[in-house]
Structure formats: structure tokens, C-alpha cells
Amino acid sequence: MEFRLSSEQKLFRRTLRDWAEKELAPRAAEIDAKEEGIPDDIISGLADLGVMGIGVPEEYGGSMIAGQQHTLANLAVQELARADLSMSVPVYVLLCLGWGSLVSLHGSPELKALILPKLASGEYFLGICTTEAGGGSDVANIKTTGRVQDGKLILNGEKVYISGVRETTEQRDGGHLTLFRTDPEAGHRGMTFAYVPARAEGVSPLLFEDIGRGGLSTGGFRYKDVAIPQSYVLGELNKGFYLNMEGFNVARTLVAAACVGAAEKALEMSRDYVKQRVLFGRPLAKFEGISFEIAQDEADLAQLRMWLRHTAWMVDQFYAEPGSFSARDLSHAVSICKLEAPHLAHRIVMHSMMYHGAFSYTRESPLGMAYRGLMSYIVGAEGGTNIQKLIIAREFIGPEAVPYR
């Protein structure tokens, strides 16, 4: 395994960092503070750079490089998170990249032709629609149903805490990969995973007001006899649970990448500030209580960054060379990233706020945006803290550690 980035990967990262520092960072606070969402020119700019098409094959207008797409997606999300500490833009992009890659892998020809070109161009948003009021962490407990009728699937139910509701119903277009029951007697073996357009007849959106990530909406959908073609199904009927879990492995590495990018930026802000802020006649960096804390954060972040790069490489190898890793090996590695990254990033941001003092508690400081935005990945988005511990315990200890077996 080569741990160094290639010259092409370094160029991609440098180009995106330059763009993000110029086009995104000066507008991050404005994006977080308004309900209008992420401006169109930001999304179109990312599409022009090829970012929105990283997981889309060239025949559908994308820029996918086989065997590298997940590594490149992780680099892209890290750079966007450095520029937008609110997490709005990086989360928008990671959802499109992560779940778009699942369409590339398992979508029907009709579904690929419908979604992938518009994802690559930035016209569509694609999200994940799994969580319900009684079935978030316990995905196997969802209640939304789908039945086959006249060659279509008819959906009924309700989903909550879904990202991209306003984006797909008001601002742009697109929809969500949605998990629902098609064989209620078969448990998780009777679930189907399919694309549901957010503007389909019978879909009613609802919006929530989050405390962070103000540039990306959160809400839910009610489905009342929503009809979708069977060609919108990923894989096969009643096999959706497994594809949903496969998609989470990709999405969780990208969530970890967003956390790493935000942590990098916050730690750099800490370093620069403590060198120039003088207290009691000397820079804050001279106080070991501060410099040693920064040193520990840097050490922990360096380890996480390398583990994440290794995990992104594993994801690429998993698809490029089937059999190179088992699904269990991959889930173990991914869950370590998703467990550690949000907590470490949140801790680093909190430390930086403490060094900056009262200024960090104002709207003028990006640290407050980061503190609120990162919290979403501790409490649940893409799988909460204790769910990751459950997965790690299952893969390391064995089935004896799983309470529901």
C-alpha cells in the first residue's frame, strides 16, 4: 500500500483548496445564517471542477477514476470542510458523492441515465431517506411499506431527520434513496431500497429547524400512495437492507473526512492564535497547559487522518478488486473512523474556542458554526456513536456482543 498521495491527487487537492478558500470560505457564514441554502454558483463551480462527478462514470458525464474515486471523494470533502466549518457544503457534497456511487454500482440503466448526469452537473441533489420516528438506529424496525401494483411500487409511510428536503422540493431537484418494507413478514430480509423523487405525486415534505448546518435543510417526507417505477429499485426487491448498509460504509468515510477537514482548520487556527496572543507578557503558546493540549490534538488528528486514508483506500480496493477485503473488515475500519472523527473534531474545536476566548462565542467566528455542525455527527447522522461501537464490537468480539441476536 502506498500512503503518499500521487501527483495527480495532490494537484486535485491543491486546486480545490485554492477554489474553496477564494469562493467558499468568505461566504460560509452567510450560507449558514440564511434559509436560501447553498448558492447555485457554489454547486455549479464544484461541478465545473469535477467534484460532483467523482462517483459518476464518464459515459454519464462524470469524472470517475476507477480505483481512486473514494480516495478522491474523501480529499474533496476534507477540503470543503476546511472552508465551510458549518458543514453545510461538505455534507451536501458527501451525500451526493456517497449515495451517487451506490447508484453507479447498483442502479438500473434507466435509473443511472436519469440521475447520474444531473448529479455530475450539480442539477440534482441525492440523499438518503432511511430514518423514521421509531427506526433510526434500528433500521430493521422501519414501518414505511411498498407494494407492487401494475408494474410499479406504491409507497406509504413517513421518514424524518432527512437532509436535503428543501433542496429537492424548492431550490433544485432530485430525491432520496429510500428504504421500505416490501415483505413485512421477512424482517430485514424483506426490505427494498429505491430512488424516490422528492416531487413525486403523493410526497409531502416537512421541515425542521436544526441548531447547526444552516445552509442544508433537514426535515422529512410523508408518502401517500406514491408510485415509482420498478426501474428505480437498486439491486433487487427485498435485498435493499444490504445495499443500504453498503452505502453507509461509503457515506461514513466521507463524514469522517468532513470532520477531519474541520479539525485541521480549527487546529491551525489554534496554532496561529496562540503564537501571537500575548498574556501576562508572553504568548499563549508558552503555557504548557495550552501547547501540550495542542500537541495531543495534533497527534490524535495525525493518526485519525492516516487511518481514514487507509479506510478510503480499502473502500476503493473493495470495489476494484472484489475479495480483497471482506464486508466485515470494511465495516470494522469504517466504524472506527465514524466513531472517532466527530468526537475528536468537536474536541479540537472546543479547545480552539477556549483559546480564542469570548470572540469564539460570536457570529463573527467560524468556530461556533463548527461546534454546532459537528454535533450532528455525534448524535446520529449516518449512524450515532453507540451504533459505531456496536458494529466494532460485533466485528471484533463476534455475534455474542450483538444484543438483538
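Student: What makes I42, I43, G45, L46 and A47 of helix α3 count as buried?

Tutor: This is a predicted model. Buried means under 20% relative accessible area. In α3, residues 40–48, the residues I42, I43, G45, L46 and A47 are the buried ones, so each falls under that 20% cut-off.

Student: What covers the buried residues of α3?

Tutor: The cover includes α1 (7–24), α4 (69–83), α5 (88–106) and α6 (109–121). Contact means heavy atoms within 4.5 Å.

Student: Which residue follows α3, and what is its phi?

Tutor: G50 follows α3, with a positive phi near 90°.

Student: How many cavities of 30 Å³ or more does the structure hold?

Tutor: Two. The largest has a volume of about 70 Å³, and the second largest about 40 Å³.

Student: Why is each called a cavity and not a pocket?

Tutor: Because in a cavity a 1.4 Å probe fits but cannot get out, whereas a pocket is an open set.

Student: Which residues line the largest cavity, and how do they divide?

Tutor: T71, N74, L75, Q78, R305, L308, R309 and A312 line the largest cavity. They divide into three nonpolar, three polar and two charged. Arg counts as charged, so R305 and R309 are the two charged residues. Helices α4 and α9 (288–320) each supply at least two residues of this lining.

Student: What makes G55 and G98 polar in the lining of the second largest cavity?

Tutor: Gly is counted among the polar residues, so G55 and G98 go there. That lining has five nonpolar, five polar and no charged residues. Helices α4, α5 and α8 (240–276) each supply at least two of its residues.

How values were computed
Residues numbered from 1 in each chain as written. Predicted model: local features only at pLDDT ≥ 70, side-chain atom pairs only at ≥ 80, totals over all residues. Heavy atoms only, no water. Buried < 20%, exposed > 50% of the residue type's maximum accessible area, 1.4 Å probe, protein only. Helix = DSSP H or I, 4+ residues; strand = E, 2+ residues; numbered from the N terminus. 1 Å grid on protein atoms, 1.4 Å probe; cavity = no way out; pocket = protein on both sides within 12 Å on 5 of 7 lines; lining within 4 Å. Points joined across faces, edges and corners; volume = space filled by probe spheres on them.
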